[in-house]
Amino acid sequence: MKSQTTFRPSSTLAFAWQGVLLLVLLLMAGCSGSGSEKAASAAPEVVRLDYAYYNPLSLVLKQQGWLEKDLAQQNIKVEWVLSQGSNKALEFLNGNSIDFGSTAGAAALIGRANGNPLKAIYIFSKPEWTALVTGKNSTIKTVADLKGKRVVATRGTDPYIFLLRALDQAGLSEKDIELIPLQHPDGRAALEKGDVDAWAGLDPHMAKAELESGARLFYRNPDFNSYGVLNVRAEFAQQHPALVDRVLAAYEQARQWAVLHPAELKQTLATEAKLSEAVAARQLERTDFTNITFGAPQVATITAAGDVLKKSGVIEPGTDVAKTVKDLIDTSFASKLPTATGATALK
């Protein structure tokens, strides 16, 4: 399967032009921040972001140091915190440990529905980062075969939500399986040891199991993967809108670098996540970086996940899913980016 991050050499000129526009955006954010941000709140000493192996752009941004160089002009430091899964990113956001966190779109919806004051402001990828996985010698072939089986998943993450949607489609629910709640790396280990029958996997751990232990992805459905989204604490966005602009401009710089440097992106992922290049390549083959905005497809996917979460009792029965999705998504920041109206312009 050919990586979706590969673009023609002619895109270099477009990249340079987009870079100029991003620089202008950063300068405008700096100018506007001096007035409006003072009115809202004094600039923080530190901006805290998570990095995650399921968010390759965060690894690029952390490695390249572009945000550090930009914010140093305002004497603002950057602090990075590792998120092992969407549930951890949500926990950090809710606990005020980070200002920006990487999650799946449906996981962000769970957070918002449960009172976590966050806003989803940017799409960092459209991944097929989760599937249902079993060992190479397993007799499990379909979702229906999971009935009565031990299945491991990380609650509050896209793989868990993927599992619920797959079970629902097969006429089953979580009550029909024995759910073993573990973090993603521990889930892979449990599957490889034979302690569980199946696993709701997440890349890069899933790609690693697939290539190194012969694990089988027996149920795949890209449409059930709910996009990788960058979230910000609502209070931070309200108090420091110019800083949100600067963070997104840096993220966009990382995205554009990623699509033009697939070999270097693979190396960055392999180095940061301590993966073989083959595993990193497999993860990136399943990752599309060409869209940054929330449109009808993204809203529909997150809403459909919300409906199943409500049916499964993960979120309160009285939750207005459509309203919660609307409250979650804030397009005002990403809409200022030069690529917002055509994120695939680099092709």
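Trainee: Which residue in strand 2 is the bridge partner of Val 47?

Mentor: Val 47 has Val 78 as its bridge partner in strand 2. Keep in mind as we go that this is a predicted model.

Trainee: What makes strand 1 and strand 2 a pair?

Mentor: The bridges between them. Two strands count as paired if there are at least two bridges, and strand 1 (residues 46-51) and strand 2 (residues 77-82) share six. They therefore pass the cut-off of at least two bridges, and the sense of the pairing is parallel.

Trainee: Why is strand 1 described as mostly covered?

Mentor: Five of its six residues are buried. In the chain as a whole, 55% of the 347 residues count as buried.

Trainee: What about helix 2, which residues there are buried?

Mentor: In helix 2 (residues 56-64) the buried ones are Pro 56, Leu 57, Ser 58, Leu 59, Val 60 and Leu 61. Gly 65 follows the helix, with a positive phi near 75°.

Trainee: Why is Lys 62 said to lie over the face of Tyr 51?

Mentor: The distance part of the rule asks for NZ of Lys within 6 Å of the ring centre. Lys 62 is at 4.7 Å from the centre of the Tyr 51 ring, so the distance part is met. Lys 62 does lie over the face of that ring.

Trainee: Let's turn to the ring pairs. How many aromatic pairs are there?

Mentor: The count is six. One of them joins Phe 124 and Trp 129, with centres 6.4 Å apart and planes at 55°.

Trainee: Why is that pair of Phe 124 and Trp 129 called tilted?

Mentor: Set both values against the rule. Centres must lie within 6.5 Å, and stacked planes are under 30 degrees apart while edge-to-face planes are over 60. At 6.4 Å the two rings pair, and at 55° they are neither stacked nor edge-to-face, so tilted is the word. The centre of one more ring matters here, as ring pairs link Tyr 54, Phe 124 and Trp 129 into a cluster.

Trainee: How do you know whether Phe 124 and Trp 129 are buried or exposed?

Mentor: Buried means under 20% relative accessible area. Phe 124 has 0% and Trp 129 has 4%, so both are buried.

Trainee: What makes the pair of Phe 162 and Tyr 219 tilted?

Mentor: The planes of Phe 162 and Tyr 219 stand at 50°, with the centres 5.7 Å apart, so this pair is tilted too. Phe 162 lies in helix 6 (residues 158-169) and Tyr 219 in strand 9 (residues 216-219), so the pair ties together parts that are 57 residues apart in sequence. Phe 162, at 0% relative accessibility, counts as buried, and so does Tyr 219 at 14%.

Trainee: Which residues touch the most other members of the largest nonpolar core?

Mentor: Phe 100, Tyr 122, Leu 132, Leu 146 and Leu 163 do, in a core of 98 residues. Helix 10 (residues 241-260) supplies the largest share of this core, 11 residues. There is also a second, separate core of 12 residues, including Val 152, Ile 180, Ala 190 and Ala 209.

Trainee: What is Leu 132 in contact with, beyond its neighbours within four places in sequence?

Mentor: Its contacts include Val 143, Leu 146, Phe 162, Leu 163, Trp 199 and Tyr 219.

Trainee: Why is Asn 96 called partly exposed, and Lys 274 exposed?

Mentor: Exposed means over 50%, buried under 20%, and partly exposed in between. Asn 96, at 40%, falls in between, so it is partly exposed. Lys 274, at 70%, is over the upper cut-off and therefore exposed.

Trainee: What makes the backbone at those two residues worth a look?

Mentor: Most residues other than glycine have a negative phi. Asn 96 has a positive phi of about 65°, and Lys 274 has one near 55°. Asn 96 sits in the loop between helix 4 and strand 3, and Lys 274 in the loop between helix 11 and helix 12.

Trainee: Where is the cis peptide bond?

Mentor: From Asp 203 to Pro 204, with omega near 5°. Pro 204 lies in the loop between strand 8 and helix 8.

How values were computed
Residues numbered from 1 in each chain as written. Predicted model: local features only at pLDDT ≥ 70, side-chain atom pairs only at ≥ 80, totals over all residues. Heavy atoms only, no water. Buried < 20%, exposed > 50% of the residue type's maximum accessible area, 1.4 Å probe, protein only. Helix = DSSP H or I, 4+ residues; strand = E, 2+ residues; numbered from the N terminus. Core = buried A, V, L, I, M, F, W, Y, C linked by side-chain atoms within 4.5 Å. Contact = heavy atoms within 4.5 Å. Lys NZ or Arg CZ within 6 Å of the ring centre and 35° of its normal.
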